[in-house]
Amino acid sequence: MSNKLSLSGFDSVLVHAEHAKDPNYSHLTPIYASSTFVYDDAEQGMRRFSGEEKGYIYSRWGNPNFTEVERKLAAMESFGINNPDGNPLELEALLHASGMAAITTLLVMNLKAGDKVLTHYSLYGGTEEILRNVLPAFNITPVIVDLRDIKQAQEALERDPSIRMLYLETPANPTIQCVDIELLSKLAKQYNCIVACDNTFATPYLQQPFRYNVDFVVHSTTKFLNGHGTAIGGVLLGKDIEKMRSKAYTLRKTLGGNSNPFDAFLLINGMKTLGLRMERHCSNAQEVAKFLNSHPAVAKVNYNGLPDHPDHAVAMRQMKYPGAMMSFELKKGFQGGVDFMNRLQMCTRTVSLGTCDTLLCHPASMTHFSVPKEAREKYGITDGLIRMSVGIENLEDILADLDQSLA
Ligand SMILES: Cc1ncc(COP(=O)(O)O)c(C=O)c1O
């Protein structure tokens, strides 16, 4: 795209932003399947290594396919946001091998021994594991409260000056709970805390945490951003450009959490349809939730789009739509969950989320099979709970498959 025309719409950004014209006039950026990059002469090599000349050196350090993804994601997360001085917000993004690799860079770059991370009790399992089981070996520990209650957050911050980071994930995996980004970010800033937000479930199409003065955003790009279930990936975005280019970049480079050209290529192309997909994902989800809510086999539906959901107001305040993730409880418990999963014909039995097809999983017999019942029930993961990522198929077909499986 010519750099002269500024794009006024988010979908145009998704399709065109930061695509560099290819020297061979290839329509799409080719897959730069090259581990290393060459120099015309030794002096050019010297200029590249000294930083005097910009250019790629080695694909663990950077690659043209990563660059296109990173710049596009920065354009998406900052779209329409201005700094307090009125200038457009600038972000730096770093593509990683997975969401967990991006989260690891985020935590390691900002925390040192003795520091604590304040977070919500409902979090993606991998994030919880790194906070509870990995970082404590380095004397970095979590403080876990119910962040939907601002008083609990304030008390924790007041009590413990070693809390250096507020880590949010909203909507949260797997409970779909939402926390108030604006309120919590404002509070954390009063205590000089860094604020980070996992925006995987919402994507920047539905929610832009940088609007609320957070410092970092992470994504598992594996999900809605890629959209087709073709690659694992993650991204870390930050507004402290200098820190991102020094500390974050060095960590990705030295920990080796880089992506690869093929996965980056898939992501570039997947992201082009994010807007169209999210519209359909979300409109289908709203109807599916209504259908489940009135189905006699279903005891309860957890979907932020339903007005009686406890986080409905927060979700609607900070999200364009409440998203495409939900869970529901079957009256027939564990065996009801197993039977339901076995009857599915069109919808897909699997973990993960955010692909074009509707994905369902039964945590009690799958992801949380080895977690003791009392432990998982504390997190709302009951015997009959089903988690669903609503796809973009025709609504009638999703409803028909659910209906015959609930019978
Ligand atoms: C909210 C959230 N954050 C992070 C991750 C980790 O991402 P990845 O599997 O790409 O490492 C996941 C994975 O499911 C997730 O749901």
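Partly exposed describes a residue whose relative accessible area lies between the limits for buried (under 20%) and exposed (over 50%), computed with a 1.4 Å probe and with protein chains only. The structure is a predicted model, in which local features need pLDDT of at least 70 and side-chain atom pairs count only at pLDDT 80 or more, whereas totals for chains, interfaces and linings use all residues. Residues are numbered from 1 along each chain as its sequence is written, and side-chain values use heavy atoms, with hydrogens and water left out.

**Exercise 1. Backbone angles in loops**

Task: Find where Asn213 is located, state what is notable about its phi, and classify its accessibility; then treat Ser352 in the corresponding way.

Solution. Step one is to place Asn213, which is found in the loop between helix H8 (203-206) and strand E6 (216-220), where helices (H or I, at least four residues) and strands (E, at least two) are DSSP runs numbered from the N terminus. Step two is the angle: phi of Asn213 is near 70°, which is a positive value in a residue other than glycine. Step three is the accessibility, and at 40% Asn213 counts as partly exposed.

For Ser352, the location is the loop between strand E10 (348-349) and strand E11 (359-361). The phi of Ser352 is near 70°, again a positive value in a residue that is not glycine, and a relative accessible area of 30% makes Ser352 partly exposed.

**Exercise 2. A cis peptide bond**

Task: Determine which residues the cis peptide bond at Pro171 joins, and where Pro171 lies.

Solution. The bond joins Thr170 and Pro171, with omega at about -10°. Pro171 has its place in the loop between strand E4 (163-169) and helix H7 (181-190).

**Exercise 3. Salt bridges**

Task: State how many salt bridges a search of the whole structure finds, and describe the one between Glu128 and Arg132 together with the position of both residues in helix H5.

Solution. A salt bridge requires a side-chain nitrogen of Lys or Arg within 4 Å of a carboxyl oxygen of Asp or Glu, and the search of the whole structure finds 15 of them. In the pair Glu128 and Arg132, the side chains meet with an N to O distance of 2.7 Å. Both belong to helix H5 (residues 125-134), and because they are four residues apart there, about one helical turn separates them. Glu128 is buried at 18% relative accessibility, whereas Arg132, with 40%, is partly exposed.

Two further pairs can be worked through in this manner. Glu53 and Arg47 form a salt bridge in which the closest N and O atoms are 2.9 Å apart; Glu53 is partly exposed at 21%, and Arg47 is partly exposed at 28%. Asp146 and Arg148 meet through their side chains at 3.1 Å, N to O, and Arg148 is partly exposed with a relative accessible area of 32%. Beyond such pairs, Lys373, Arg376, Glu377 and Asp383 are joined into one network by salt bridges that share partners.

**Exercise 4. The ligand site**

Task: Identify which residues come nearest to the ligand, and give the distances from ligand atoms to the side chains of Asn173, Asp198 and Thr222.

Solution. Of the 15 residues around the ligand (each with a heavy atom within 4 Å of it), Asn173, Asp198, Ser220, Thr222 and Lys223 come nearest. An oxygen atom of the ligand is 2.8 Å from a side-chain N or O atom of Asn173, and an oxygen atom of the ligand is 2.7 Å from a side-chain N or O atom of Thr222. For Asp198, a nitrogen atom of the ligand is 2.6 Å from a side-chain N or O atom. The ligand on its own has 390 Å² of accessible area, of which the protein covers 91%, as computed by the Shrake-Rupley method with a 1.4 Å probe. Helix H4 (residues 99-110) provides the largest share of the shell around the ligand, namely three residues.

**Exercise 5. Sequence and spatial separation**

Task: Work out how far apart Arg277 and Ile392 are in sequence and in space, and do likewise for Lys272 and Gln44.

Solution. Arg277 is found in helix H11 (residues 274-293) and is buried, with a relative accessible area of 3%. Arg277 and Ile392 are 115 residues apart in sequence, while their C-alpha atoms are 6.7 Å apart in space. Lys272 is found in the loop between helix H10 (261-271) and H11 and is partly exposed at 23%. The C-alpha atoms of Lys272 and Gln44 are separated by 36 Å, with the two residues 228 apart along the chain.

Technical notes:
A polar contact is a pair of N or O atoms within 3.5 Å; within protein, one must be able to donate a hydrogen and the other to accept it, and residues adjacent in sequence count only if both atoms are side-chain atoms.
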